[in-house]
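Trainee: Could we go through this model together? I should like to discuss its empty spaces and its RNA contacts.

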Amino acid sequence: CSAYSNLMKLVCRARKFEEVSSILGEMHKRGCNLSSTFTTLIIGYGKAKMFREAIEILDTMPSYGCTPNVITFNSLINLLAESGEHTYCVMVFQRMLEVACTPDSYTYTCMMKSFAKQGKMDEACSLFDEMTEKGWTPSVLTYSALVDGFVKVGEVGSAWLRYEEMKNKGIVPSAYSYGVLLSALRKGKHMEHASELFEEMKERGIANVFAYNVMMDGYGKVGEADKARKLFKEMKAANMRPDECSYHTLISALAKSRRMELAGRYFEKLKEMRKVPN
RNA sequence: CACCAAGAUAAAUUUGAGG
């Protein structure tokens with residue numbers, strides 16, 4: 001059975017969906033548990049942007065003796081949310097409730113992301129309340145969805161309040177999560193808030209190259225190339241190795257501020273490192 | 001860099017012609 005399910009993964013990756021039904025048929029004949037395979041298929045269709053087909057799996061499952069479970073629904077909802085298919089997303093969530101499959105923290109977070117992507121922060125917040133009322137604990141991903149959404153609709157204040165709320169609940173962001181939050185603030189050009197987060201990150205000793213890159217990009221985009229360059233130097237002084245992206249970001253920041261002599265110098269350094277400029 | 005595995009579901013950074 002595991003050989004079959006690996007085969008299904010390969011079929012999805014190669015987008016050979018015409019092979020799907022014969023594999024499912026064989027697996028069924030041999031009595032394999034197909035639940036995980038259906039999830040794989042759903043994600044496969046999602047990556048191929050075949051949303052209709054992904055959703056139809058929900059109807060296919062029962063004929064193979066399977067019932068969609070939380071993981072099935074979550075996977076589907078997640079890919080619809082990420083792809084901006086908000087209408088389908090809401091439809092599937094509705095359907096999940098109809099078949100009495102209980103949404104969990106993951107489900108709510110995905111739904112919040114979908115609403116946030118549409119700029120519908122009121123709805124996103126209602127879902128947040130509903131989720132906590134039902135006893136689910138919001139994660140750093142849940143809060144990141146709110147922060148990102150509020151920044152997108154231009155409400156940095158609300159975004160920041162949510163961040164504080166998260167900290168007050170004792171949720172400690174990982175380096176990765178800081179990256180997500182920094183990037184959200186950067187997109188809205190809120191570098192003062194971003195730098196406050198970044199300082200926090202440094203105090204905790206978890207600042208990384210990725211975070212430096214995000215900060216440099218943000219400063220570059222608001223025309224503060226000198227701050228970007230300062231961070232570049234600081235990163236090296238802290239024994240972190242700037243990667244290719246760091247160079248690309250810094251060069252572009254300098255070029256945007258018309259500091260061409262400096263941009264050229266970093267461009268030469270990039271080539272010396274035998275990296276390919278993009 | 002590519003492929004595979006662990007493990008059926010989660011998020012982050014760089015260039016931009018054209019529209």
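Trainee: How do the residues of the lining of the largest cavity divide into nonpolar, polar and charged?

Mentor: The lining has 7 nonpolar residues, no polar and no charged ones. Ala, Val, Leu, Ile, Met, Phe, Trp, Tyr, Cys and Pro count as nonpolar, Asp, Glu, Lys and Arg as charged, and the others, Gly among them, as polar. Please note that this is a predicted model, where local features need pLDDT of at least 70, side-chain atom pairs count only at pLDDT 80 or more, and totals for chains, interfaces and linings use all residues. Residues are numbered from 1 along each chain as its sequence is written, chains are lettered from A and ligands numbered from 1 in the order in which they are written, and side-chain values use heavy atoms, with hydrogens and water left out.

Trainee: Which residues line the largest cavity?

Mentor: The lining consists of V147, A159, W160, Y163, L181, L185 and L197. Two elements give two or more residues to it, α10 (156-168) and α11 (175-187), and α10 has the largest share with 3 residues. Helices (H or I, at least four residues) are DSSP runs, numbered from the N terminus.

Trainee: How many cavities of 30 Å³ or more are there?

Mentor: The count is 1, and the largest cavity holds about 30 Å³ of space. On a 1 Å grid over the protein atoms alone, a cavity is a set of points where a 1.4 Å probe fits but cannot get out, while a pocket is an open set with protein on both sides within 12 Å along at least five of seven lines; lining residues have an atom within 4 Å of a point. Grid points are joined across faces, edges and corners, and a volume is the space filled by probe spheres set on the points.

Trainee: On to pockets: what volume has the largest pocket?

Mentor: Its volume is about 420 Å³. There are 19 lining residues, of which E82, K113, A145, D148 and V180 are the closest to the centre. The elements giving two or more residues are α5 (70-82), α7 (105-117), α9 (140-152) and α11.

Trainee: Which element gives the most to that lining of the largest pocket?

Mentor: That is α9, with 7 residues. By class, the lining of the largest pocket has 8 nonpolar, 5 polar and 6 charged residues.

Trainee: And which residues line the second largest pocket?

Mentor: They are K9, L10, C12, R13, R15, T40, I43, G44 and K47, around a volume of about 190 Å³. Both α1 (2-13) and α3 (35-47) supply at least two of them.

Trainee: Turning to the RNA, which residues come nearest to strand B?

Mentor: Among the 32 residues around RNA strand B, the nearest are R13, T39, Y106, Y176 and H248; a residue is near a strand if one of its heavy atoms lies within 4 Å of it. Of the strand atoms that come within 4 Å of the protein, sugar and phosphate account for 41%.

Trainee: Where does H248 meet a base oxygen?

Mentor: A polar side-chain atom of H248 lies 2.3 Å from a base oxygen of RNA strand B. For base nitrogens, the distance to a side-chain N or O atom is 2.8 Å at Y176 and 3.3 Å at S177.

Trainee: Which element gives the most to the surface near RNA strand B?

Mentor: With 6 residues, α11 gives the most. The surface near RNA strand B divides into 10 nonpolar, 17 polar and 5 charged residues.

Conventions:
A polar contact is a pair of N or O atoms within 3.5 Å; within protein, one must be able to donate a hydrogen and the other to accept it, and residues adjacent in sequence count only if both atoms are side-chain atoms.
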